[in-house]
Amino acid sequence: MLKRLGSFLRNVRQPKTRVSPDSLNNVFHSKYERFKELLDSNSELATIISEIEEKLQGYEVFGMAYIRSVAARAIFHALRMVGSFDALSNGRYPALHEVFDSINSAISQELRTRQENGTEELVLPYSRVTMDMVDWVGGKNANLGEMKNRVHLPVPDGFAITTRAFGLFLAENDLFDQIAMKKMALNTSDAESLNAASEEIQKLIITAPVPGPLADAILGAYDELARAVPDADAHPPRIAMRSSALGEDSELSFAGQYLSVLNIAREQVLKTYTYVIASLFTPRAISYRLMKGIPDDHAAMSVACIRMVDSVTSGVMYSRHPFENDDSVTISAVWGLGPYAVDGAVTPDKYRVSRHDGRILEKDISTKPIKLVSNPDGGLLQKTVEGGEQQFACLSDEQIKILAGYSLQLEKHYGFPQDTEWAIDRDGNFFMLQTRRLATGIQVSEQPVEVTERSDYPVLVEGGAVAFPGVGCGRAFHVRSDEDLLDFPEQGVLIAPQPSSRFMVVMSKASAIVTDYGSITGHMASLTREFSVPALLDTRTATSAIEPGIEITVDTASKRIYRGIVPELVALQRSREQHMQGTPVYETLKRIASFITPLRLFDPGSPDFTPQNCRSLHDLMRFIHELSYSEMFRISDLVSDHEGVAVKLAAPIPLDLYVIDLGGGLSGVTGHSAKYEDVVSVPFRALLDGMLCDELLTLRPRPIELRGFLSVVGEQMFQNHLNSDRFGNRSYAIISDKYLNFSSRVGYHYGVLDSYCGKTLSKNYISFSFKGGAADETRRNRRARAIALILEALGMSVEVIGDTVRARVQKLEASLLAQKLDIIGRMLQFTRQLDMLMKNEESVRVIAQAFLNGDYQL
């Protein structure tokens with residue numbers, strides 16, 4: 001086809017050569033098909049660019065699977081545009097292929113992950129582990145080794161199963177590709193899809209055998225640990241097996257997201273290893289990585305194998321308060337093993353110790369009715385604390401001061417406030433079980449100002465412990481099971497008996513979290529600080545005092561929960577942080593986007609408007625789209641003795657509009673111009689009927705809204721000083737008796753309408769897209785949403801991304817489509833320069849309703 005096209009073009013350049021109408025028709029239709037492909041990919045690529053720009057705002061959660069998908073889509077449509085344009089131009093711009101290959105190569109390089117194995121060893125004893133090995137043994141193991149070998153604090157004996165072992169396990173069982181396939185099918189916004197994919201991946205891991213060399217290494221390390229234990233033959237040591245994933249216990253805590261299993265015997269070690277590494281793919285772990293922007297490629301699981309401590313008491317300590325300006329060490333303690341100190345099952349004792357002189361500033365002794373202990377037969381047991389001990393303090397003054405000293409040592413060593421888990425055994429020995437950087441959430445200066453009690457709003461709950469300060473309001477939603485989380489609403493207030501790290505999956509939706517019990521040193525409390533969710537714990541009465549579904553306002557400053565929405569408190573709400581910004585995944589998308597979204601080709605008339613100056617896919621798109629029309633119509637320019645190929649429409653509309661008739665779209669045209677009366681194309685005639693509406697032709701100048709006008713001026717001066725977003729002024733309509741492709745370009749606005757109106761319902765459709773504007777981004781988005789409301793009223797399916805609107809309707813009778821086209825024609829006239837008037841959110845609805853009511857004069 002390209003050879004035939006080239007031959008044809010050479011012929012038409014010879015003045016005396018006659019070209020048959022059939023030859024002209026065949027070549028033109030061939031070019032037209034490639035032109036349609038080009039326009040289709042242009043539209044898709046414009047949507048992809050808008051989508052990426054929206055993701056880069058940092059609010060919406062996405063992962064590496066999204067980045068790979070969006071990059072592949074962008075590359076596909078850019079290549080399709082290059083290929084189609086190559087056919088249209090008869091290969092006139094070979095440099096486009098070189099530029100595309102260069103950009104594609106750069107994107108591929110960014111996506112190529114390099115995971116270097118720093119060690120070939122499958123296990124490492126803690127005597128050899130330090131923070132330098134974090135990439136091999138994960139955060140938890142690295143911190144345990146660091147505390148033992150460099151801070152010289154007491155740490156239980158143990159060993160790390162490395163990330164190299166994790167890679168070997170997946171490789172030997174051929175799981176990499178299988179897991180990747182499951183993740184590709186995952187819909188991250190669908191909780192049921194997330195649960196299904198998680199269950200399938202975990203099943204693959206748990207049912208796979210531990211490879212022989214790995215099994216030998218793990219059991220060999222256990223036996224080495226046992227040899228150091230007196231009477232190990234009669235009483236083999238039990239171990240705790242705890243997750244130590246890459247990134248865990250670093251700036252991001254992963255608090256409670258992965259599995260830890262306590263009191264494991266030798267014969268259970270290998271199977272438990274598969275359970276722990278499978279927890280890398282629990283729904284809440286996948287969600288956490290997505291919300292924190294951590295690529296799955298960077299997620300590898302090491303496992304900490306620690307000799308069990310027969311704890312009399314255990315707990316958590318913070319070297320500083322997580323958000324208050326309180327210069328003290330905070331310690332919480334429970335009887336027995338540590339999980340009850342962090343999961344909210346028991347309200348722990350609380351102690352405060354001066355950081356300056358070690359004085360005990362406060363003791364808050366709670367009632368602790370239950371404790372968790374090791375079961376001699378394996379696993380754990382919940383036991384009732386004997387009567388008198390329930391109110392006893394878990395720690396002596398001396399123990400409190402020793403722990404506070406350890407906490408300050410760790411902060412000094414690491415250079416950051418620390419969140420540390422500890423235990424004391426029956427012989428009074430101290431053990432540090434874990435330390436990580438303390439999640440502090442916000443600075444003191446950012447705390448809401450305390451508001452006095454509102455007598456006009458009933459107080460439902462008063463008191464509690466503040467895990468993260470702030471104000472939250474919404475409908476109360478009680479959560480008692482994981483299934484309840486599937487239906488959690490946007491901006492709901494989560495009410496629960498006790499905290500759970502499982503609540504993390506809805507923290508991006510929750511306006512506040514309230515529990516009956518719990519401690520600010522627990523896992524969930526750490527997560528509320530990471531996600532900036534106001535949280536009030538240990539209220540004792542929230543689940544009974546707050547009815548499901550009622551509107552409430554949570555004010556942590558006063559520790560009160562009001563019935564109803566309290567406007568004065570709502571005004572104190574902080575806007576949510578852009579959680580994705582700064583994360584590894586976000587930074588990857590940012591680098592990928594630098595090869596896709598920037599537009600540097602500004603002026604089609606400039607000598608710099610060349611393929612060689614294309615630096616991004618957006619540049620390629622802009623260059624190709626700008627020249628595609630002239631290439632599409634080059635034949636009509638060359639063949640001046642064929643009527644009806646390219647004509648200018650003479651009609652009172654504010655467009656420089658040219659029409660190409662593929663057959664049956666125009667009638668009675670003479671010369672190089674056509675009148676409205678010459679148009680017989682069903683969809684084009686209907687569109688023109690709307691655009692030529694008398695009320696719109698006599699439209700008075702609209703009142704200037706000063707801020708909107710200044711927005712346009714400012715946007716052009718500071719954002720578009722080089723006309724980077726200006727689309728040009730020539731518009732085109734490609735028509736037949738039943739078909740219309742209408743491309744409207746006026747200054748900073750660009751709209752494309754594609755429609756077929758025939759007798760076969762299954763072929764009939766209208767596809768419409770609109771982008772751009774001269775005002776700022778907020779006003780352009782408001783106009784886009786106003787247009788969307790109008791199109792939705794026409795029964796079209798509509799999508800809005802930024803300042804781009806896309807809409808479609810199909811399989812309707814031609815007469816019904818013609819009515820809709822008439823209204824769209826009116827809308828195109830009505831919405832010109834409308835972005836200047838979009839002064840507030842209310843204007844979106846008001847202007848859309850005015851149009852639908854026929855009030856075109858506003």
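1. In this predicted model, the largest nonpolar core holds 53 residues, and those with the most contacts inside it are Leu649, Phe684, Phe742, Leu791 and Ile824. In soluble globular proteins, nonpolar side chains tend to be buried together. For Phe742, once its neighbours within four places in sequence are set aside, the contacts are Leu655, Leu657, Phe684, Leu687, Met691, Tyr732, Ala733, Gly751, Val752, Leu753 and Leu828. Phe684, itself listed with the most contacts inside the core, is thus found again among the residues in contact with Phe742.

2. Helix α15, which spans residues 523-531, is mostly covered, in that nine of its nine residues are buried. Those buried residues include the charged Arg529 and Glu530, and they also include His523, Met524 and Phe531. The helix is followed by Ser532, whose phi is positive, near 55°.

3. The structure holds one cavity of 30 Å³ or more, and the volume of the largest cavity is about 40 Å³. Its lining is formed by Ala341, Val342, Asp343, Gly344, Pro499, Ser519, Gly522, His523, Met524, Ala525 and Leu537. The elements that give two or more residues to this lining are α12 (339-342) and α15, and the largest share, three residues, comes from α15. By residue class, the lining of the largest cavity divides into six nonpolar, four polar and one charged.

4. Strand β18 (residues 512-515) pairs in the parallel sense with two strands, namely with β17 (residues 493-496) over four bridges and with β19 over two bridges. On the β17 side, Ala496 has Thr515 of β18 as its bridge partner, while on the β19 side Ile513 stands opposite Ala535. In a regular strand the side chains alternate between the two faces of the sheet. In β18, Ala512 and Val514 point one way and Ile513 and Thr515 the other way, and all of these residues are buried.

5. Strand β21 (residues 560-563) is joined in the antiparallel sense to β14 (residues 459-462) by three bridges and to β20 (residues 551-555) by four bridges. Ile561 of β21 takes part in both pairings, being the bridge partner of Val461 and also that of Val554. In the hairpin of β20 and β21, four residues lie between the strands, and Lys559 takes a positive phi near 55°.

6. A reviewer may wish to look at the backbone of two further residues. Most residues other than glycine have a negative phi, and most peptide bonds are trans. Asn263, which lies in strand β4 (residues 260-264), has a positive phi near 60°, and this residue is buried, with a relative accessible area of 4%. Asp538 also has a positive phi near 60°, but is found in the loop between β19 (535-537) and α16 (542-545). Asp538 counts as buried because its relative accessibility is 13%, which falls under the 20% cut-off.

How values were computed:
Residues are numbered from 1 along each chain as its sequence is written. This is a predicted model: local features need pLDDT of at least 70, side-chain atom pairs count only at pLDDT 80 or more; totals for chains, interfaces and linings use all residues. Side-chain values use heavy atoms; hydrogens and water are left out. A nonpolar core is a set of buried Ala, Val, Leu, Ile, Met, Phe, Trp, Tyr and Cys residues joined through side-chain atoms within 4.5 Å. Buried means under 20% relative accessible area, exposed over 50%, partly exposed in between (1.4 Å probe, protein chains only). Contact means heavy atoms within 4.5 Å. On a 1 Å grid over the protein atoms alone, a cavity is a set of points where a 1.4 Å probe fits but cannot get out, and a pocket is an open set with protein on both sides within 12 Å along at least five of seven lines; lining residues have an atom within 4 Å of a point. Grid points are joined across faces, edges and corners, and a volume is the space filled by probe spheres set on the points. Two strands pair if DSSP finds at least two bridges between them.
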